[in-house]
Every structure is written in structure tokens, then in C-alpha cells.
Amino acid sequence: MPIEKAEIIYYDLIILIGGRKRPMCIKNIWCKKLLTSFLALVPVLLILTNTFAEQQPSAESIAQRIYDRDTSRDSHAIVLMKLIEKDGQSRVREMEIWRRDFGEFKKTLIRFNSPAEIRGTGFLTWENKSRDDDQYLFLPELRRSRRIVSSQKDQKFVNSDFTYEDMQRRRVEKDVHHLLGSKILSGFNCWVLESTPKPSAESQYEKFVALVTMDSYVPIQIDYYKHGRVVKRYTVFNLQKISGIWTDMVAEMADLRNQHRTVLEVQKISYNVNVDPNVFTVRNLEKY
């Protein structure tokens, strides 16, 4: 393009955008067509911008999609739990996990198979609508289960980096949600969702900040805040779609205060296998 023509176009656009009143020096038909095309694009760009804003979900809707996402009717899994010390030393446990939907809520049973010192230990969770979830821990040496009360929810689950509170699904209405923006993590486009517990909702944490995949609504990183800083971080290292269900195949809960980590590795998982409802009773928990 000749330099003279380029200068004419440049100054004409400056005049057009700036809204100055002096006549534009449009000297040829080619330049007029360019400006006409530019003006025609303005409403299209405005429409696209508004459409994007309308398509951006609210923070509450993201939280609800996380809670409601498809996790199958029921499942059975074999999972390794690795407890890793700051110096790298680790202990490995194997556990089985059964889960089933009961209408609006879920029930989960965890049973440890190895090593010997923890074999038979069981953990049963029943979700509730109008009150906190019921949780029962069975220790084989005591031959009975005990109910985990609210004041114990901040205690560690079998000496891992998960607390009993972490073992629960968090209902949407317990928190105030804010959408902080978007971010790419491990190749996934994610929403950044901040959730702050309401005064009426008991929690050991001040807030949670989660990176949630835009296409599947799976939290692949959650930061847990206490005293104004991140104290724990949950990270999904391997997310796969198994039988149509997005599954955390390898995930870690890290305690940033003491550099201790708990890694969960799924060895085998089956969905929609008609798990017996009687599996999720206190009687069955204590049957071992």
C-alpha cells in the first residue's frame, strides 16, 4: 500500500473514532469502502460482546452445576491412598469405595483392605437435606461404630490430609459465591470460583477458591483458606472420562503448613453396577 494512502486511512480513522468535526479527507472510493466496512462491523462486535456476557454463567449456577454434575447412579472403586511425608517417605493403603444415589442425595461406604493395622476400618456417609450429613467411623478393634459429631468435623480422616468435613459434598446454599474470572490450568479452560461459608454454615475454613473446568464443571484445584492464607490445596493430576463420567483418577490433598500430602490413585472403577442399597447401613458397616 502506498504510504500516502495509508496516512489518509490512518488519519480518517482517528477523526472518525475521536468524533472531531473537521471534514475528513477521504480522497478515493477505496478508502470510503474501508470505512463503511469498519462501521458495519461495530454493531456486530457489540452483539458478540453482549452475547459472550450473557453466556457467562453466574457464580451460583457454576456452584450448582458442580453439585449436580453426573457422577452415575452408583459406583464401585478400588483406590490407593498414599500418605507422603515432607522427606518423601510414604505409606500406602488400599481401600474400596461404594457409592449410590438415593434420589436427591448420595450414600458412600469406604472400607480399608490393607495394610493389616487398618484393615476392616470403615467409614459411612449419609447426605441429608435439612441438617449436616451423618458420618460413622467403624474401628475393628472396638467392634462398633461411632458417629462423627459437628465438633469433630475438623479432625483428620484416618491420619490423612482430609478432614471429615473434606469428605462431604458441600451444598451450594451453604456459601456465598463469586466468580473471580477465568484461567487455564493443565490445558483446561477453567472458571475461578470463590465460595465463602455463610455465618449459619459451620466450617473450619474461611473460604474456598476453586478452578472449575468450563466444559465438565469438575473442580481440578481447590485452595482452602484459614487466617487469610491458603493452608491446603486439592489438585487433580489425571482427569479422565470413564464410561461417560468425568473421574479424578489421580488427585492430591496437600497440607501446605507441614508439607504433608495424601495422594489418591484410582486402580479400578465401575459405574452403574447396581450396588445393593443394604451396603449403606450401619449394620453392614459393623459387619466386618
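**Exercise 1. A loop residue**

Find the loop that holds Asn-274, then describe its phi and its exposure.

*Solution.* Step 1: Asn-274 sits in the loop between strand S13 (260-271) and helix H4 (282-285). Helices (H or I, at least four residues) and strands (E, at least two) are DSSP runs, numbered from the N terminus. The model is predicted: local features need pLDDT of at least 70, side-chain atom pairs count only at pLDDT 80 or more, and totals for chains, interfaces and linings use all residues. Residues are numbered from 1 along each chain as its sequence is written, and side-chain values use heavy atoms, with hydrogens and water left out.

Step 2: Asn-274 is not a glycine, yet its phi is positive, about 60 degrees. Most residues other than glycine have a negative phi, and most peptide bonds are trans.

Step 3: Asn-274 counts as exposed because its relative accessibility is 59%. The classes are buried (under 20% relative accessible area), exposed (over 50%) and partly exposed in between, with a 1.4 Å probe and protein chains only.

**Exercise 2. The hairpins around S10**

Work out how S10 pairs with S9 and with S11, and which turn residues have a positive phi.

*Solution.* Step 1: take S9 and S10. They run antiparallel and are joined by six bridges. Two strands pair if DSSP finds at least two bridges between them. Lys-207 stands opposite Tyr-225 of S10.

Step 2: look at the turn. The hairpin of S9 and S10 has five residues between the strands. Tyr-217 lies in this loop. Its phi is near 55 degrees, positive in a residue other than glycine. Tyr-217 has a relative accessible area of 9%, so it is buried.

Step 3: move on to S11 (residues 229-242). S10 and S11 pair in the antiparallel sense over six bridges. Lys-226 has Arg-229 in S11 as its bridge partner. Two residues lie between the strands of this hairpin, and His-227 takes a positive phi near 50 degrees.

Step 4: check the cover. Eight of the eight residues of S10 are buried.

**Exercise 3. Aromatic pairs**

Classify the pair Phe-157 and Tyr-164, then the pair Tyr-205 and Tyr-224.

*Solution.* Step 1: set the rule. Rings of Phe, Tyr and Trp (its six-membered ring) pair if their centres lie within 6.5 Å; planes under 30 degrees apart are stacked, over 60 edge-to-face, and the rest tilted. The whole structure gives ten aromatic pairs.

Step 2: Phe-157 and Tyr-164 have ring centres 6.1 Å apart and planes at 75 degrees, so this pair is edge-to-face. Phe-157 is buried because its relative accessibility is 1%. Tyr-164 is buried too, at 3%.

Step 3: Tyr-205 and Tyr-224 are 4.9 Å centre to centre, with 55 degrees between the planes, and the pair is tilted. It links distant parts of the chain, 19 residues apart: Tyr-205 is in the loop between S8 (188-197) and S9 (207-213), and Tyr-224 is in S10 (residues 219-226). Both residues are buried.

Step 4: extend to a cluster. Phe-112, Phe-123, Phe-157 and Tyr-164 form one aromatic cluster.

**Exercise 4. Charges over rings**

Which rings lie under the charged ends of Arg-169 and Lys-232?

*Solution.* Step 1: the test asks for NZ of Lys or CZ of Arg within 6 Å of the ring centre and within 35 degrees of the ring normal.

Step 2: Arg-169 lies over the face of Tyr-67, 3.9 Å from the ring centre. Lys-232 sits over the ring of Tyr-224, 5.8 Å from its centre.

**Exercise 5. Asp-175 and its surroundings**

Place Asp-175, state whether it is buried or exposed, and list its contacts.

*Solution.* Step 1: Asp-175 belongs to strand S7 (residues 175-185). Its relative accessible area is 7%, so Asp-175 is buried.

Step 2: its side chain makes a polar contact of 2.8 Å with the side chain of Arg-170. A polar contact is a pair of N or O atoms within 3.5 Å; within protein, one must be able to donate a hydrogen and the other to accept it, and residues adjacent in sequence count only if both atoms are side-chain atoms.

Step 3: a contact means heavy atoms within 4.5 Å. Leaving aside neighbours within four places in sequence, Asp-175 touches Arg-170, Ser-195, Thr-196, Pro-197, Lys-198 and Phe-208.

**Exercise 6. A cis bond**

Which residues does the cis peptide bond at Pro-115 join, and where is Pro-115?

*Solution.* Step 1: the bond joins Ser-114 and Pro-115, with omega about 0 degrees. Step 2: Pro-115 is in the loop between strand S3 (105-114) and strand S4 (122-126).
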